[in-house]
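I opened my notebook to look at how the side chains pack in this one. Here is what I looked up, entry by entry.

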Amino acid sequence: MVGSIGINYGQIANNLPTPDNVIPLVKSIGATKVKLYDADPRVLKAFANTGVEFIVGLGNEYLSKMRDPDKAQAWVKANVQAYLPATKITCITIGNEILTFNDTSLTDNLLPAMQGIQTALVNLGLDKQVSVTTAHSLAVLDVSFPPSAGSFRKDLVGSITPILNFHAKTNSPFLINAYPFFAFKSNPKQVSLDFVLFQPNQGVVDPKSNFHYDNMLFAQIDAVYSALASLGYSKLPVHISETGWPSKGDEDEVGATLENAKKYNGNLFKTISQRKGTPMRPNTDLNIYVFALFNENMKPGPTSERNYGLFKPDGSPAYLLGINGTDAISTNSTPTTATTTTTTPAPRSPESSSTGYLSISAAVKVMFWTSWWCFYFRFFCCCFVYLTWESVVVCGMI
């Protein structure tokens, strides 16, 4: 049913099925691409000759080491070249959401690490089949509404521009993690739940481009395209490296319910199968990776962090997506065998993806940002925008 969906395969758990037993689960949802947070040899070996495309990850803790050409080349040989061509590795992500960690050391090492891995790929003759990139939080945006006015944070432009130049030279994609869930959780009385869940709704209109948006995720994607264009990189492809909805959360995590998770991910799958692109890029393929394959019982942070999975550790669906594969698994498959090994590939910070969002409501447009490193809030702007039958509120948390 879905030909271009990707899935994030996190393993911060001690009860997950073996990689061999994961293969039918990936295929059951129609996923053709898998994103790892490391380069787990068990997974890469298990998926050999399956045709599934892989993004492998280099953890944040390894960035400084990749300045050394010998270490960079050794890493590529051991974690990429060793599995080609049987396992279809097409991309390497260097770190995760580095620029919004407010860690100078990580930021300073990000581009050199990307360059080091790229040089290694060139030296090994792999640069034509494997690209190098990094995933960003949506918090890199300063303005996210209207989508046509999207722009990067001014304090990050100096760091992000050289990275964009790297992408342009190497023809690699720009990756962004986008979670409409956080918009609703932060402002449930004002955010339109139907708009964030891809449910039927009146939508909103960008007053500058006149494009109509019927879901928040596509508005966020187009805001990123506008931000790239504002720096002169309008031709860079944008891939959504993470998006999803938790099926369970703490009391203060409004909207983290099984029913909402089912609607968000089910409707996302259907939307991708029916539509090619966003209003701003209607002819550009959607490249979206859902977070995540499994509920991961050892992830830190709020309850939601351990409940983003489409599947439970025993291989049964966390809920039915309404597509044939998962429906079949829920009735016909037997539970897979769980392993007892604890694999902890470079975890993503539980707060890091929640710091940027676009939200919709009535009466006012607000840009509000926070710094969770400094624990302070500051009000950025408040202005009234009136549209046909509906007004728009936009929030961006940093």
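**Packing notes**

I started with Phe47, which touches Tyr9, Pro19, Val22, Ile23, Val26, Val52, Phe54 and Thr87, leaving aside residues up to four places away in sequence. A reminder to myself: this is a predicted model.

Next I asked which residues of the largest nonpolar core touch the most other members. They are Phe47, Trp75, Ile94 and Ile117, in a core of 110 residues. Helix α8, residues 216-230, gives the most to this core, with 10 residues.

**Aromatic rings**

I then turned to the rings and got a count of 13 aromatic pairs. For each pair I looked at, I noted the centre distance and the plane angle, since a pair of aromatic rings is described by these two values.

My opening pair was Phe198 with Tyr264: the ring centres are 5.4 Å apart and the planes stand at 55 degrees, so I logged the pair as tilted. Where do the two residues lie? Phe198 is in the loop between α7 (193-196) and β9 (204-205), while Tyr264 is in helix α9 (residues 258-274), so the pair ties together parts that are 66 residues apart in sequence. I checked exposure too: Phe198 has a relative accessible area of 12%, under the 20% limit, so Phe198 is buried. Tyr264 comes out at 0% relative accessibility and counts as buried as well.

Tyr264 also pairs with Trp245, with ring centres 5.5 Å apart and planes at 35 degrees, so I wrote down tilted for this pair. Trp245 sits in the loop between β11 (238-243) and α9, and Tyr264 in helix α9, so to speak a link between distant parts of the chain, 19 residues apart. Trp245 is buried, at 0% relative accessibility.

I wanted to know which residues join in one aromatic cluster. I listed Tyr37, Tyr179, Phe181, Phe182, Phe198, Phe218, Trp245, Tyr264, Phe291 and Tyr308.

One more ring caught my eye: the charged end of Arg281 sits over the ring of Tyr225, 4.5 Å from its centre.

**Leu164**

My last stop was Leu164 in helix α5, residues 157-170. Is Leu164 buried or exposed? Its relative accessibility is 0%, so Leu164 counts as buried. Leu164 touches Phe152, Phe174, Leu228, Leu231, Tyr233 and Leu236, again without residues up to four places away in sequence. I also took a backbone distance: the C-alpha atoms of Leu164 and Thr133 are separated by 9.7 Å, with their positions 31 residues apart along the chain.

How values were computed:
Residues numbered from 1 in each chain as written. Predicted model: local features only at pLDDT ≥ 70, side-chain atom pairs only at ≥ 80, totals over all residues. Heavy atoms only, no water. Core = buried A, V, L, I, M, F, W, Y, C linked by side-chain atoms within 4.5 Å. Buried < 20%, exposed > 50% of the residue type's maximum accessible area, 1.4 Å probe, protein only. Helix = DSSP H or I, 4+ residues; strand = E, 2+ residues; numbered from the N terminus. Contact = heavy atoms within 4.5 Å. Phe/Tyr/Trp six-rings, centres within 6.5 Å; stacked < 30°, edge-to-face > 60°. Lys NZ or Arg CZ within 6 Å of the ring centre and 35° of its normal.
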